[in-house]
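Work through the exercises below with the model open. Each task is followed by a solution in steps.

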Amino acid sequence: MTMVTVLHNDTLETLSARTGVPACMLLRMNALTPDELYAGLRMSVPARNWCESRGACPLKERVAAVSVKTGVVAPGETLWDFSRRQGLTPRLIMLENDIDDADSVRPGDSLSLPDLPEKTTVYTPDAPEHIRDIAARFCVDTRELMWLNRLPAATIPYPGQQLLIPAV
């Protein structure tokens, strides 16, 4: 176990990259939330292989084989209704099918559906929150969260935006 001091421009991701320890493990080991990180804070850091040696690391590389399924919009359904029936967010379906206007989806349309990891849950932030903080809260990899929701880097989801959270 070693100690590290949080620098002025450090984030959970930069600390994780510098120490080789997943961000969620840094938070757990120091009983912190992402909001409690500040310059000058001294944090305990386990050895780089600490997670793997205990078989407890929730951020081990996960390779998601994505196969494409399709679904047909039923009579009277909107994109929102269709997405709820499929257990997906409207935004994810729009991105998967290159749809710019949700109102352009009509009954009878066949839409591609991504095959999501099992036990994916939906999180809706109440206030603007950086994607890395959401990832740390749910102890998931930021890149996986961004990929699953088709988000660009440095995204701050808006209040009410539904995000898919992969199972850990």
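**Helices α6 and α7 and an aromatic pair**

In α7, the buried residues (under 20% relative accessible area with a 1.4 Å probe, protein chains only; exposed is over 50%, partly exposed in between) are T142, E144, L145, M146, L148 and N149. The model is predicted, so local features need pLDDT of at least 70 and side-chain atom pairs count only at pLDDT 80 or more, while totals for chains, interfaces and linings use all residues. Residues are numbered from 1 along each chain as its sequence is written, and side-chain values use heavy atoms, with hydrogens and water left out.

**Exercise 1.** State how far α7 is enclosed and what covers its buried residues.

*Solution.* Step 1: of the 8 residues of α7, 6 are buried, so the helix is largely enclosed by the rest of the structure. Helices (H or I, at least four residues) and strands (E, at least two) are DSSP runs, numbered from the N terminus. Step 2: the cover of the buried residues includes α1, α5 (90-96), α6 and β6. Step 3: after α7 comes R150, with a positive phi near 55°.

**Exercise 2.** Find the buried residues of α6 and their packing partners.

*Solution.* Step 1: α6 spans residues 131-138, and I131, D133, I134, A135 and A136 are buried there. Step 2: these buried residues pack against α1 (12-19), α2 (23-29), β5 (121-123), α7 (142-149) and β6 (163-165). Step 3: C139, just after α6, has a positive phi of about 60°.

**Exercise 3.** Describe how α6 and α7 cross.

*Solution.* Step 1: the two axes (lines fitted to C-alpha atoms, for helices over the stretch in contact, with angles from 0 to 180 degrees between N-to-C directions) come within 9 Å and cross at roughly 110°. Step 2: α6 and α7 are therefore roughly perpendicular (65 to 115 degrees) to each other. Step 3: the contact (heavy atoms within 4.5 Å) involves I131, R132, I134 and A135 of α6 together with T142, L145 and M146 of α7.

**Exercise 4.** Classify the aromatic pair of Y123 and F138, and say where its two members sit.

*Solution.* Step 1: the rings of Phe, Tyr and Trp (its six-membered ring) pair if their centres lie within 6.5 Å, and planes over 60 degrees apart count as edge-to-face, under 30 as stacked and the rest as tilted. Step 2: Y123 and F138 lie 5.1 Å apart centre to centre with 65° between the planes, an edge-to-face pair. Step 3: Y123 belongs to strand β5 and F138 to helix α6, 15 residues apart. Step 4: Y123 counts as buried because its relative accessibility is 16%, whereas F138, at 28%, counts as partly exposed.

Notes: Angles under 35 degrees count as roughly parallel, over 145 as roughly antiparallel, 65 to 115 as roughly perpendicular and the rest as oblique.
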